[in-house]
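Got the model open in your viewer? Keep the selection box handy and follow along, one stop at a time.

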Amino acid sequence: MFDYNQIIDFDCGKFIQIDVGLEPTFPLFFGYDIEDHFIETLDRATRRHPVDRVFLLTDPFIFDLFGDPFLNKIKRTFPDTDIYFLPRGETCKTFDVLQQLCDELVGKGVSKRSLLIAFGGGSVGNITGLAAGLIFRGIRFVEVPTTITHQTDGMLSNKQAVNGKYGKNNFGLFHAPVFAWADTRYTETEPLRFKRSGIIEGIKNGLIDQNAFIPFLEGAIRRNGDYSSRQLTDLCFKLIRSKLEILKKDPTERHYGIILEYGHTFAHAMEWLSKGALTHGEAVSFGMKIAAELSLNLGYIDGEAVSLHYRLIDDILALRPTLPEHLNPSNIFNTMYVDNKKIGGDVRYVLLQSIGQCKKGNGDYLVHVDKKIVQRVIKDFFNGYCN
């Protein structure tokens, strides 16, 4: 088990290489203000199979913040580099945007030797990875995540997807990057709301698998988001480690690793229905609370374990979003039945047995629960939260 109390100093400009241990795996390069080393790393990673063209995919907001210097560095070594702007946020994760992207890349001469670079948050990473997996049945891409959520959680999966008419991430595939490049300097400019949203998955990891991680989080999280560069980099590194501790037990995320979906069945429905009003992390914060209430209702955990969820999320992290008015228990429940974790006609749930341990169902970590119980728990949660 990783020692979360050890102090790790990441000097400015220094980076480490982490093997994420997925199947297939890829190296993750991590540090603070390490952009000057990106090109040499990219050149080394592609030397055996040279790149003919580079396509930088990003959104206008991220490009305005960081894009010009980064693009210029790329062009000095890879002069045949094009830039492609994607819509911001989840609005880019549609079939229309995907088709337009793929067609334009093919029209511009993308080949099996080309490379896509995803420069942005999770939505940019998702659609870039999916396009890379589809074009000519698979070309290379590199992840350069610029948000806490994507640096510490989203990119650690090989999952690439777009949303459909009925739900989030309904259509996708697994496609690994050549490598990922996590520079925490990019995350410093994230608004407080998004910093908080990015930390929620780490809280989840502590609740489902590593209760020893929770005391570290209680001391490391700053309610006002005022982190020094060293504090933020150390926190992001340990958020990454918390997920890798789970992935090393199951790199496929299909067996033990399914516990990473704790709260996500509820969260994906809420995020989808919110139409952008909730961030992914905010939706997950609600989903985890509902999953805890359901675990309590079934007698798996006690009230103290449920209270810990609220204390970590509401008090320590100070993540207390407003529930959008158009969300209700009925439409959340119905949307859950097109969730991408549905098995057959059934929706099963990751639930807690205790803090740091998930309930084992019928041979795996997904538990069947009577629909009426789930509906009642969601309704009670809404009534309690809104009153």
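Select Phe30 and Phe237 to begin: both are buried, where buried means under 20% relative accessible area, exposed over 50% and partly exposed in between (1.4 Å probe, protein chains only). Before you go further, note that this is a predicted model, where local features need pLDDT of at least 70, side-chain atom pairs count only at pLDDT 80 or more, and totals for chains, interfaces and linings use all residues. Residues are numbered from 1 along each chain as its sequence is written, and side-chain values use heavy atoms, with hydrogens and water left out.

**Aromatic pairs**

How many aromatic pairs does a search of the whole structure find? It turns up 28, counting rings of Phe, Tyr and Trp (its six-membered ring) whose centres lie within 6.5 Å; planes under 30 degrees apart are called stacked, over 60 edge-to-face and the rest tilted. Phe30 and Phe237 make a tilted pair, 5.7 Å centre to centre with 40 degrees between the planes. This pair links distant parts of the chain, with Phe30 in strand 2 and Phe237 in helix 8, 207 residues apart. Helices (H or I, at least four residues) and strands (E, at least two) are DSSP runs, numbered from the N terminus.

Now select Tyr256 and Tyr365, an edge-to-face pair at 5.2 Å centre to centre and 90 degrees between the planes. Tyr256 sits in the loop between helix 8 and helix 9, and Tyr365 in the loop between strand 12 (357-358) and strand 13 (367-368), so the pair ties together parts that are 109 residues apart in sequence. Tyr365 is buried, at 17% relative accessible area.

For a bigger selection, take Phe15, Phe29, Phe38, Phe66, Phe70, Phe119, Phe179, Trp181 and Tyr186: they form one aromatic cluster.

**Helix 1**

Keep Phe38 selected and add Ile39, Thr41 and Leu42; these residues of helix 1 (38-45) are buried. They cover an arc of only 160 degrees around the axis, which puts them on the same side of helix 1; the arc is that of the directions from the helix axis to the C-beta atoms. What do the buried residues of helix 1 pack against? Show strand 1 (15-19), strand 2 (27-31), helix 2 (60-77), strand 5 (115-120), strand 6 (140-145) and strand 9 (180-183) to see their partners, with contact meaning heavy atoms within 4.5 Å.

Follow the chain to Arg53, in the loop between helix 1 and strand 3 (54-58). Is Arg53 buried or exposed? Arg53 is buried, with a relative accessible area of 16%. Leave out residues up to four places away in sequence, and Arg53 touches Asp80, Asp82, Lys108, Gly109, Ser114 and Leu115.

**Helix 7 and a pocket**

Jump to Phe213 in helix 7, buried at 0% relative accessibility. Beyond its neighbours within four places in sequence, Phe213 is in contact with Tyr4, Gly202, Gly206, Lys238, Leu239 and Ser242.

Switch on surfaces for the second largest pocket, which holds about 240 Å³ of space. Of its 15 lining residues, the closest to the centre are Phe216, Ala220, Gln231, Asp234 and Lys238. Helix 7 (213-220) and helix 8 (229-247) are the elements giving two or more residues to this lining, and helix 8 gives the most, with five. On a 1 Å grid over the protein atoms alone, a pocket is an open set of points with protein on both sides within 12 Å along at least five of seven lines, a cavity is a set where a 1.4 Å probe fits but cannot get out, and lining residues have an atom within 4 Å of a point. Grid points are joined across faces, edges and corners, and a volume is the space filled by probe spheres set on the points.

**The largest cavity**

Three cavities of 30 Å³ or more are found in the whole structure, the largest with a volume of about 60 Å³. Twelve residues line the largest cavity; select Glu261, Gly263, Thr265, Tyr349 and Val350, which lie nearest its centre. Helix 9 gives the most to this lining, with three residues.

**Backbone oddities**

Most residues other than glycine have a negative phi, and most peptide bonds are trans. Against that, look at Glu23 and Pro24, joined by a cis peptide bond with omega about -5 degrees. Last stop: Lys275, with a positive phi near 55 degrees, is exposed at 72% relative accessible area.
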